[in-house]
Amino acid sequence: MIQEIKSGIYHNEYREQSPEKGDYIMFAQGRSILMRKASEDIAYLHFEEIPTQMSYIYLFQININGKMQKFFLGESGKLPQSIMNDYTYEPQNVFRTKGPDYMAFAGITACQLANWYAATRYCGTCGMALVHDGKERMMRCPKCNAMHYPKISPAVIVGVIDKEQERILMTKYAGRDYKKYALIAGFSEIGETAEDTVRREVMEEVGIKVKNIRYYKSQPWSFTDTLLLGFYCELDGDDRIQLDQEELSIGQWLRRDEIPTEYDGISLTNEMIMRFKNGEEH
Ligand SMILES: [Zn+2]
């Protein structure tokens, strides 16, 4: 999965600090991140390459084969044309296909953080401009003291299995660019457990009942500001699918040998599908 960096260890501890020579500076525009043009591997700007004065926000560091590499966020509007000749903003989906793995994970994680900082400039309670806390990753209101922490939305991914006929419930989203098979998925709502979310989403999207819900694994999924919680469960009773056509274009039971999905090493959904395909879901 995208967060499982083979050559490095992600360090998320927040310590306010300034960039130095060799540190990477990330720039975001919406859901796009600045990287070197026409480069096979992902390459970001180093601090010493930036001739302009600007302020920086510390993001995180990754221990890559024993060397600590720091990542900071810079101010997109302040980059000179000389840099933009060699660099371009790439939409976040580039991190599903390009490497190395630690640079892809750094890119998508920086993208989520940049979007949170961009959307967290004023206090939602009193309207005052927010200030950085200094001790932790949090924006504080100097007027009413409200504390604004990064927003992460929990969501479930559900592998519904028909044990008797050895099939899994596969779906395709309606009206999205993503055309491959997926699993039932949905955001947790206020007042429900993750298991409640599993039962509700399966009922809403395909109209079936499930039992024996068991937690599998989680995944930070910065593409949608989400923490994904993967569950397997079993069909309970009638297998007839009543599709929510606003959410899904396809909902169908597939046997292991009918699943066209191939391993991608990126998403929890893919790993869960592949585990069933290979008979390893228990
Ligand atoms: Zn306030």
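Is Ala 114 buried or exposed, and how many C-beta neighbours does Ala 114 have inside 10 Å? I started my notes there. I am working from a predicted model.

**Entry 1: Ala 114**

I counted 23 C-beta neighbours inside 10 Å for Ala 114, so Ala 114 goes down as buried. The cut-off for buried is 20 or more. Ala 114 sits in helix α2, residues 101-119. I then listed its contacts, leaving aside neighbours within four places in sequence: Met 26, Ala 28 and Leu 73. I also checked Phe 27. Its C-alpha lies 8.0 Å from that of Ala 114, although 87 residues separate the two along the chain.

**Entry 2: the core around Met 26**

Next I looked up the largest nonpolar core, which has 29 residues. Met 26 and Ala 110 touch the most other members. I noted which elements supply at least two residues each: β2 (24-26), β4, β6 (57-64), β7 (67-73) and α2. Helix α2 gives the most, with ten residues.

I followed Met 26 further. Beyond four places in sequence, its contacts include Ile 33, Tyr 44 and Leu 59. Phe 71, Phe 72, Leu 73 and Gly 74 are on the list too. So are Ala 110 and Ala 114. Another core, of 28 residues, lies apart from the largest one. Among its members I found Ala 182, Val 210, Tyr 232 and Leu 235.

**Entry 3: strands**

I traced an open sheet of five strands in the order β1-β6-β7-β2-β5, with mixed pairing. Which strands stand at the edges? They are β1 (8-11) and β5 (45-46). Each has a single partner strand, so one side of each is left without a neighbour in the sheet. Inside the order, β6 and β7 run antiparallel and are joined by seven bridges. Asn 63 stands opposite Met 68 in β7.

I then turned to β3 (residues 28-29) and β4 (residues 32-36). They run antiparallel, with two bridges between them. Ala 28 faces Ile 33 in β4. The two strands make a hairpin with two residues between them. Gly 30, in the turn, has a positive phi of about 60 degrees. On to β8 (residues 87-91): five bridges join it to β4, again antiparallel. I logged Tyr 87 in β8 as the bridge partner of Arg 36.

**Entry 4: helix α3**

Helix α3 covers residues 194-206, 13 in number. I read 18 Å from its first C-alpha to its last, close to the 18 Å expected at 1.5 Å a residue. Which residues of α3 are buried? I found Thr 197, Val 198, Glu 201, Val 202, Glu 205 and Val 206. They cover an arc of only 120 degrees around the axis, which puts them on the same side of α3. An α-helix has 3.6 residues a turn, so residues three or four places apart point the same way.

What covers this buried side? The list includes β12 (153-162), β13 (167-173) and β14 (184-187). It also includes β15 (210-221), β16 (226-235) and β17 (248-255). Just after α3, I saw a positive phi of about 70 degrees at Gly 207.

**Entry 5: helix α4**

In α4 (residues 268-277), I marked Leu 268, Thr 269, Met 272, Ile 273, Phe 276 and Lys 277 as buried. Their cover includes β12, β13, β15 and β16. Gly 279, just after α4, takes a positive phi of about 70 degrees.

**Entry 6: backbone exceptions**

Most residues other than glycine have a negative phi, and most peptide bonds are trans. I searched for exceptions.

- Glu 166 has a positive phi of about 50 degrees although it is not a glycine. I placed Glu 166 in the loop between β12 and β13. It is partly exposed, with 13 other C-beta atoms within 10 Å.
- Asp 225 also has a positive phi without being a glycine, at about 55 degrees. Asp 225 lies in the loop between β15 and β16. I count 17 C-beta neighbours inside 10 Å, so Asp 225 is partly exposed.
- Gly 99 and Pro 100 are joined by a cis peptide bond, with omega about 0 degrees. Pro 100 lies in the loop between β8 and α2.

**Entry 7: domains**

Last, I noted the division of the chain: domain 1 (8-119), domain 2 (123-151) and domain 3 (153-277). Taken over C-alpha atoms, the centres of domain 1 and domain 2 are 24 Å apart.

Technical notes
Residues are numbered from 1 along each chain as its sequence is written. This is a predicted model: local features need pLDDT of at least 70, side-chain atom pairs count only at pLDDT 80 or more; totals for chains, interfaces and linings use all residues. Helices (H or I, at least four residues) and strands (E, at least two) are DSSP runs, numbered from the N terminus. The expected span of a helix is 1.5 Å times one less than its number of residues. A residue is buried if 20 or more other C-beta atoms lie within 10 Å of its own, exposed if 12 or fewer, and partly exposed in between; C-beta atoms are placed from the backbone. The arc is that of the directions from the helix axis to the C-beta atoms. Two residues are in contact if their C-beta atoms, placed from the backbone, lie within 7 Å. Two strands pair if DSSP finds at least two bridges between them. Domain bounds come from an automatic or database domain assignment. A nonpolar core is a set of buried Ala, Val, Leu, Ile, Met, Phe, Trp, Tyr and Cys residues joined through C-beta atoms within 7 Å.
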